[in-house]
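Hi,

Here is the structure I promised to pass on. Have a look at it first, and then read my notes underneath.

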Amino acid sequence: MLEIDGSHIARLTDVQLRELIVQLSRAELLRQGLPLSGITAGGHQDSPDGGIDVRVEVPHLPLPDFVQCPLTGFQSKATDMSRAAVTAEMCPGPSHELRPSIRAIVEAGGAYIIVSSRGSVSDVALKDRRDAMQRALVGTNASDAAVVDFYDRDRLANWTNEHVGVALWLREQIEEPLSGWKPFGNWSRSPVASEYLADDAGRVIARSSAKSEAMDATHGIQAIRDALGRPGGVVRLV
């Protein structure tokens, strides 16, 4: 029911695609307990970016996956990128020189990844695009640890499906929300930070409480946190 496929990805705009990469990178770092300050994606979508739309830089990466290296740069394209388009993106203009931002990443042993939301490539075509990316590095001091890769809409959908909250967010963006499901967000639309309103009335009943007596809000919230902090913990809100 929650699964995203390539057709969903293909409907994203340039701005939404870049934001999807940000959301997925955030989810990836959160899952590994890494600082979110390592993600940068500032500036207007159409402003000159030097070939990098989203940059991830963390001290270490215990479980590399779609974020493949501690230093990873993503270039997002809401188009179908052919081999020629890949080469032109990495080495633009009449000089056909590799963009300095890409050179810096690969020479530092990082990963440079092109994300194409409209492309859907076979295994042979994927190898062809990777080969074009590798050829663009000729003449650089690229580290042996450097990685170049190409994510089409299907690989991006696979990444999205690893993070249910991001999948729900994406459905909201393409106006196909699931009835009754909402991604994490400010549902109340409160314009300011607010605190819980607590009183002495019974609000929460927990199995662990004596004779299932109702606890006040303060103790009830702590009981909910304790329950959800345990594997298999369940809370029912009525």
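**Helix 2 and what follows**

Gly33, just after helix 2, has a positive phi of about 70°. Helices here are DSSP runs of H or I with at least four residues, strands are runs of E with at least two, and both are numbered from the N terminus. Before I go on, some housekeeping: this is a predicted model, where local features need pLDDT of at least 70, side-chain atom pairs count only at pLDDT 80 or more, and totals for chains, interfaces and linings use all residues. Residues are numbered from 1 along each chain as its sequence is written, and side-chain values use heavy atoms, with hydrogens and water left out.

Back to helix 2 (residues 14–31): it has 18 residues and reaches 26 Å from its first C-alpha to its last, close to the 26 Å expected at 1.5 Å a residue (the expected span is 1.5 Å times one less than the number of residues). Its buried residues include Leu17, Leu20, Ile21, Leu24 and Leu29, and also Arg18 and Glu28. Buried means under 20% relative accessible area, exposed means over 50%, and partly exposed is in between, with a 1.4 Å probe and protein chains only.

**The overall picture**

The protein has eight helices and seven strands. Of its 238 residues, 40% are buried. About 14,000 Å² is exposed, and carbon and sulfur atoms supply 52% of that (areas are from the Shrake-Rupley method with a 1.4 Å probe; for residues, only the protein chains shown count as cover). Looking at contacts between residues at least 6 apart in sequence, 65% join residues at least 24 apart, a contact being heavy atoms within 4.5 Å.

**Aromatics**

A search of the whole structure turns up four aromatic pairs. For this, rings of Phe, Tyr and Trp (its six-membered ring) pair if their centres lie within 6.5 Å; planes under 30 degrees apart are stacked, over 60 edge-to-face, and the rest tilted. Phe66 and Trp159 are a stacked pair, because their ring centres are 5.3 Å apart and their planes are at 10°. That pair links distant parts of the chain, 93 residues apart: Phe66 is in the loop between strand 2 (54–57) and strand 3 (71–77), and Trp159 is in helix 6 (residues 153–160). Phe66 is buried at a relative accessible area of 11%, and Trp159 is buried at 0%.

Trp159 also pairs with Tyr151: the centres are 6.3 Å apart and the planes are at 80°, so this one is edge-to-face. Tyr151 is buried as well, as is Trp159. Add Phe74 and you have one aromatic cluster, made of Phe66, Phe74, Tyr151 and Trp159.

There is also a charge over a ring: Arg129 lies over the face of Phe150, 5.8 Å from the ring centre. The cut-offs here are NZ of Lys or CZ of Arg within 6 Å of the ring centre and within 35 degrees of the ring normal.

**Cysteines**

How many disulfides does a search of the whole structure find? Zero, taking a disulfide as a pair of cysteine sulfur atoms within 2.5 Å. Cys69 is buried, with 7% relative accessibility, and Cys91 is buried at 7% too.

**Helix 7 and two odd phi values**

In helix 7 (residues 164–173), the buried residues are Val166, Ala167, Leu168, Trp169, Leu170 and Arg171. They pack against helix 1 (6–9), helix 2 and helix 6. After helix 7 comes Glu175, with a positive phi near 60° although it is not a glycine. Glu175 sits in the loop between helix 7 and strand 6 (204–205), and at 69% relative accessibility it counts as exposed.

His96 is another residue other than glycine with a positive phi, near 55°. You'll find His96 in the loop between helix 3 (83–90) and helix 4 (100–107), exposed with a relative accessible area of 56%.

**One more loop residue**

Is Ser117 buried or exposed? At 0% relative accessibility, Ser117 is buried, in the loop between strand 4 (111–116) and helix 5 (123–136). Leaving out residues up to four places away in sequence, Ser117 touches Ile9, Ala10, Leu17, Lys77, Ala78, Thr79 and Arg153. The C-alpha atoms of Ser117 and Lys77 are separated by 6.4 Å, with the two residues 40 apart along the chain.

Cheers
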